[in-house]
Amino acid sequence: MSDLESLRSKALEEISKAETLQKLHEVKAKYLGRKGLVTEALKRIREIPPEERRNYGKKVNELKEALETALREKEEALKKKEVEKALASEWEDLTVPLENTVGSLHPITLTLRRIVDVFRGMGFTVEEGPEIELEEYNFDMLRIPPDHPARDMQDTFYVNKEGYLLRTHTSPVQIRTMLKRKPPIQMVAPGKVYRRDDDPTHSPMFHQVEGLVVNETANFRHMKYVIEEFLKEFFETDLPVRFRASFFPFTEPSAEVDIGCVICGMKGCRVCKGTGWLEVMGCGMVHPYVLEACGVDTDLYQGFAFGMGVERLAMLLFGIDNIKVFYENDVRFLRQFS
Ligand code: DAH
């Protein structure tokens, strides 16, 4: 009997000291398992003299029930503690709203749309061509000779298929449009172009917008008017524009277009290299060779074309002096355009 008493007090103490469910299960096995101390004590009932058996049996059963109750209570308490611990460490406040998750258009997209919108307003259609282009359309049909430096592997990305490359300008869309459709043509072609350039003012991928007008009377004065009107609308001011004689294989005559530096107001700065002028596009009368290569009758039709760099115009429009910020995806930069 006194053994039972000390068994009880030892068991209850161990139960109350158990810190984990694992430990508690060990205590349970020690006392109530198949070979547990209480189980053994129950088995010993046969060895007890008959007159004491009743009393002994009652006591052992009481002990067993008391331990079962204590174990159950302790188990619940430990489980509750574990849940509380998990809640405290894994808790997340799902009600906190995320700040500013609404996206916005990229400044290059904004600039592209702005350019295209001005030309749409002047009755131009919008054309597109593939970025993986035929070498024939990108160079040959534009009268760019086989030994021209632009064709060099150093300057152009070629792809693993004979006769194809990543287009180096949007001018091949001129070819595609004339092959596809009869004049009159009055189109712009926005898109990505690729060159093996990578420095603070050049990115290996950038954007251009090409323009082409082919009809019976298109001449240099029409071209000048269209470009001047475009620049006025794009920059929303009547800025100084000049046409400088230049050369492109696919136009004759050719010109480069400068605008008065919008950064310094023509006083001369780092961006305009002290000249007060900024080059913004190339243009010219489409070379008869190009028209004829596309099946356009040069006795009936003539045309002009122009091509501009979108990053350049975006930098001038928004006052940005580094082309790289367009491709770094720094949200602090991008958010300024939302
Ligand atoms: N394709 C030329 C370039 O990437 C730009 C250009 C110049 C396009 C004159 C034209 C043009 O249509 O007439 O440098």
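In this predicted model, the chain carries 48 positive and 55 negative charges, and the mean positions of the two sets lie 10 Å apart. The exposed surface of the chain amounts to about 19,900 Å², of which carbon and sulfur atoms supply 51%. Of the 338 residues, 40% count as buried.

The overall dimensions depart from those of a globule. The radius of gyration of the chain is 42 Å, whereas a compact globule of 338 residues would have a value near 20 Å. Along the principal axes, the C-alpha atoms occupy a box of roughly 135 × 50 × 35 Å. The secondary structure consists of 11 helices and 9 strands. When contacts between residues at least 6 apart in sequence are considered, 65% of them join residues at least 24 apart.

The largest nonpolar core of the chain contains 44 residues. Within this core, the residues that touch the most other members are Ile115, Phe119, Phe230, Leu231, Phe306 and Met308. At least two core residues come from each of helices H5 (107-121), H8 (220-235), H10 (310-318) and H11 (331-334), and likewise from each of strands S5 (205-215), S7 (251-260), S8 (277-286) and S9 (302-309). The greatest contribution is that of H8, which gives 7 residues. A second core, separate from this one, has 22 residues, among them Ile185, Leu212, Phe250 and Val286.

The surroundings of two residues illustrate the packing in this part of the chain. With residues up to four places away in sequence left out, Phe306 touches Phe119, Phe124, Val188, Val209, Glu210, Gly211, Val226, Ile227, Met281, Gly282 and Cys283. One of these partners, Met281, is found in strand S8. Met281 counts as buried because its relative accessibility is 3%, under the 20% limit. On the same sequence criterion, the contacts of Met281 are Ile227, Phe230, Leu231, Ala255, Glu256, Val257, Phe306, Gly307 and Met308. Ile227 thus appears in the contact lists of both Phe306 and Met281. Met281 and Thr111 are 170 residues apart in sequence, and their C-alpha atoms are separated by 15 Å.

Towards the start of the sequence, helix H1 (residues 2-17) contains Glu14, and helix H2 (residues 21-32) contains Glu26. The two glutamates are 12 residues apart along the chain, with a C-alpha to C-alpha distance of 10.0 Å. Glu14 has a relative accessibility of 25% and therefore counts as partly exposed. Glu26 falls in the partly exposed class as well, because its relative accessibility is 39%. Apart from neighbours within four places in sequence, Glu14 is in contact with Val27, Lys30 and Tyr31.

Several backbone features were also examined. Most residues other than glycine have a negative phi, and most peptide bonds are trans. Two cis peptide bonds that precede proline are described here. One joins Pro183 and Pro184, with omega of about 5°. Pro184 is placed in the loop between helix H7 (172-180) and strand S4 (185-194). The other runs from Glu252 to Pro253, with omega near -5°. Unlike Pro184, which is in a loop, Pro253 lies in a strand, S7.

Positive phi values are found at Arg143 and Met266, neither of which is glycine. For Arg143, phi is near 70°, and the residue is located in the loop between helix H6 (135-138) and strand S3 (164-166). A relative accessible area of 33% is the reason why Arg143 counts as partly exposed. Phi of Met266 is also near 70°. Met266 occupies the loop between S7 and S8. With 34% relative accessibility, Met266 is therefore classed as partly exposed, whereas Met281, in S8, is buried.

Terms used:
Residues are numbered from 1 along each chain as its sequence is written. This is a predicted model: local features need pLDDT of at least 70, side-chain atom pairs count only at pLDDT 80 or more; totals for chains, interfaces and linings use all residues. Side-chain values use heavy atoms; hydrogens and water are left out. Helices (H or I, at least four residues) and strands (E, at least two) are DSSP runs, numbered from the N terminus. The radius of gyration is taken over C-alpha atoms; the globule rule is 2.2 Å times the number of residues to the power 0.38. Buried means under 20% relative accessible area, exposed over 50%, partly exposed in between (1.4 Å probe, protein chains only). Contact means heavy atoms within 4.5 Å. Accessible areas come from the Shrake-Rupley method with a 1.4 Å probe; for residues, only the protein chains shown count as cover. Lys and Arg count as positive and Asp and Glu as negative; His and the chain ends are not counted. The place of a charge is taken as NZ of Lys, CZ of Arg, CG of Asp or CD of Glu. A nonpolar core is a set of buried Ala, Val, Leu, Ile, Met, Phe, Trp, Tyr and Cys residues joined through side-chain atoms within 4.5 Å.
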